Amino acid sequence: MKPKQIVEELDKYIIGQDKAKRTIAVAIRNRTRRKRLPDAIRDEVSPKNIIMIGPTGVGKTEIARRIAKLSNAPFIKVEATKYTEVGYVGRDVESIIRDLMSIAIQQVKTELAEAQSEKVAARVEERLLDLLLPSVSNETGSGNKGDIIQADTSYTDSKQATREKFRTMLKEGKFDEREVEVQVQNRKKIGIEVMGQANMDDLQDAMQSLGSIFGGGKGQARKLTIKRAREIFTEEETDKAVDTDRAIDEAKERVEQMGIVFLDEIDKVAKTGGSSSGGPDVSREGVQRDILPIVEGTSVATKWGVIDTTHILFIASGAFHVSKPSDLIPELQGRFPLRVELDDLTSNDFYRILTEPANAITMQYKELLKTEGVSIIFTDEAIRRLSDIAYEVNNTNDNIGARRLFTIMEKLLEELSFSADELSGQEITITAAYVDERLGEVVQNQDLSKFIL
Ligand SMILES: Nc1ncnc2c1ncn2[C@@H]1O[C@H](COP(=O)(O)OP(=O)(O)OP(=O)(O)O)[C@@H](O)[C@H]1O
Ligand SMILES: [Mg+2]
């Protein structure tokens, strides 16, 4: 995708913040550009990591989330606050790369599976038919074997015909609710969480393979509907059809060349002002120090092989409300050469956020209430009023950005949502007067709005 197209795509969901969108679009595009370079130069070009700075609720995480969906590249979004320094209880930062790799493998596998989907569907269908039509010889038992052999040809013919008939019915979904007994492999995920182990991932893997030694492979009989059985079979057959080794190779290549890590809440690991606590701060500076080599380029051992992180793109983001980028350790600052600031949202932005995005909030409420048979319509003035109120409350109380709209909308529609089932069939227009009636008093009264909005 060209930078322009990326920005256009982002515009569908995020209002304003053009600078941030552009910078990120360029960074993403540069990955593709780099891929086209001759080998010798390509290795020299390292990605320019980005820090997004902006107050809370202005779209930082939202941009990351949308980019993740857009880009075909392996993408992971993590919160810096979740990690601890190596050697301390908690997840170490290298697990980011392991997770990214695991995401990439999943992605590649899905793609490979899609290419095989017809074959898989055909095999699943056969297996379902086998379930629905256990071979007749089983049913008649060992009684009249001679007869069967004699009547062999016509018998197979009719059996074939029945099978075809069943196939048609199966395709039409007529058996979906029928229950059958299925041998199910034990679920792959074992619900053991050994929190606080440094190498939790490895441990879990070990448990899984243990599980498969002890009867995991055998599976157990369960009664399931055909519909559910189809899902399970599809999973199993897909697993069989996809070449795991190939998927791993491809995933590794993608992670190393195109991988993107989004480090959210980076400001929360910055040191704030005077160090009051004393002693090592495991979840802050230590984490920053651990991140350094990964950002710069290092080798991370995963169970799929060693991953080189040199060309992975890092996008960090944070509100930097209490701390500043300069509170990060200098080494880390230097590794994020691009800074973009996101703007505060204005009343006009709020208006657009309420109406424009493909998933606009007003639209969400409309759809929600529609399920109850109530159709609501927002007048233009009502939406203007709402945006003004959001802006005002953000100014007088804390500025929580676009999230303010959520609290305001909830408050506005509280009454309606509660009694929607009784209003079924009605059309309700939300006017500016209605907004004032529901919210006016709360907004006027500072103390009240502190609690309610
Ligand atoms: N510019 C915007 N356009 C459309 N929606 C927005 C915009 N900014 C924020 N929102 C909406 O507000 C909500 C919060 O935004 P987001 O999660 O991106 O905040 P953030 O900037 O990451 O804040 P924090 O620093 O608290 O993590 C999201 O649901 C998002 O859809
Ligand atoms: Mg966020």
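**Exercise 1. The largest nonpolar core**

Which residues of the largest nonpolar core touch the most other members?

*Solution.* Let's start by remembering that this is a predicted model. The largest nonpolar core holds 81 residues, and I24, V261 and I315 touch the most other members. Next, ask where this core sits: domain 1 (3-111 + 258-341) and domain 3 (347-452) both contribute residues to the core, so it lies between them. Now zoom in on I24: beyond its neighbours within four places in sequence, I24 is in contact with I50, I63, I67 and I315. Finally, another core of eight residues lies apart from the largest one, and V120, V124, I226 and F233 are among its members. As background, nonpolar side chains in soluble globular proteins tend to be buried together.

**Exercise 2. The shell around ligand 1**

Describe the residues around ligand 1, beginning with those that come nearest.

*Solution.* There are 18 residues around the ligand, and T56, G59, K60, T61 and A402 come nearest. Sorting the shell by class gives seven nonpolar, eight polar and three charged residues. Then look at the secondary structure: helix 4 (residues 60-70) gives the most to this shell, with three residues. At the level of domains, domain 1 (3-111 + 258-341) and domain 3 (347-452) each supply at least three residues to the shell.

**Exercise 3. Checking helix 12**

Work out what span helix 12 (residues 244-258) should have, and compare it with the distance between its end C-alpha atoms.

*Solution.* Take the 15 residues of helix 12 at 1.5 Å a residue; the expected span counts one less than the number of residues, so helix 12 should span 21 Å. In the model, its end C-alpha atoms are 20 Å apart, which agrees. For the packing, list the buried residues of helix 12: A247, A251, K252, V255 and M258. These buried residues pack against helix 2 (18-35), helix 5 (94-115) and strand 7 (305-308).

**Exercise 4. The setting of E181**

Is E181 buried or exposed?

*Solution.* First, place the residue: E181 is found in strand 3 (residues 179-184). Then count: 12 other C-beta atoms lie within 10 Å of E181. The cut-off for exposed is 12 or fewer, so E181 is exposed. Leaving out residues up to four places away in sequence, E181 touches A221 and K223. As for R222, it is 41 residues from E181 in sequence, yet the two C-alpha atoms are 5.5 Å apart in space.

**Exercise 5. The whole protein**

How many helices and strands does the protein have?

*Solution.* The protein has 20 helices and 11 strands. Of its 453 residues, 28% are buried. Among contacts with a separation of 6 or more, 80% join residues 24 or more positions apart.

Key:
Residues numbered from 1 in each chain as written. Chains lettered and ligands numbered in written order. Predicted model: local features only at pLDDT ≥ 70, side-chain atom pairs only at ≥ 80, totals over all residues. Core = buried A, V, L, I, M, F, W, Y, C linked by C-beta atoms within 7 Å. Buried ≥ 20, exposed ≤ 12 C-beta atoms within 10 Å, placed from the backbone. Domains from an automatic or database assignment. Contact = placed C-beta atoms within 7 Å. Near = placed C-beta within 6 Å. Helix = DSSP H or I, 4+ residues; strand = E, 2+ residues; numbered from the N terminus. Nonpolar A, V, L, I, M, F, W, Y, C, P; charged D, E, K, R; others polar.
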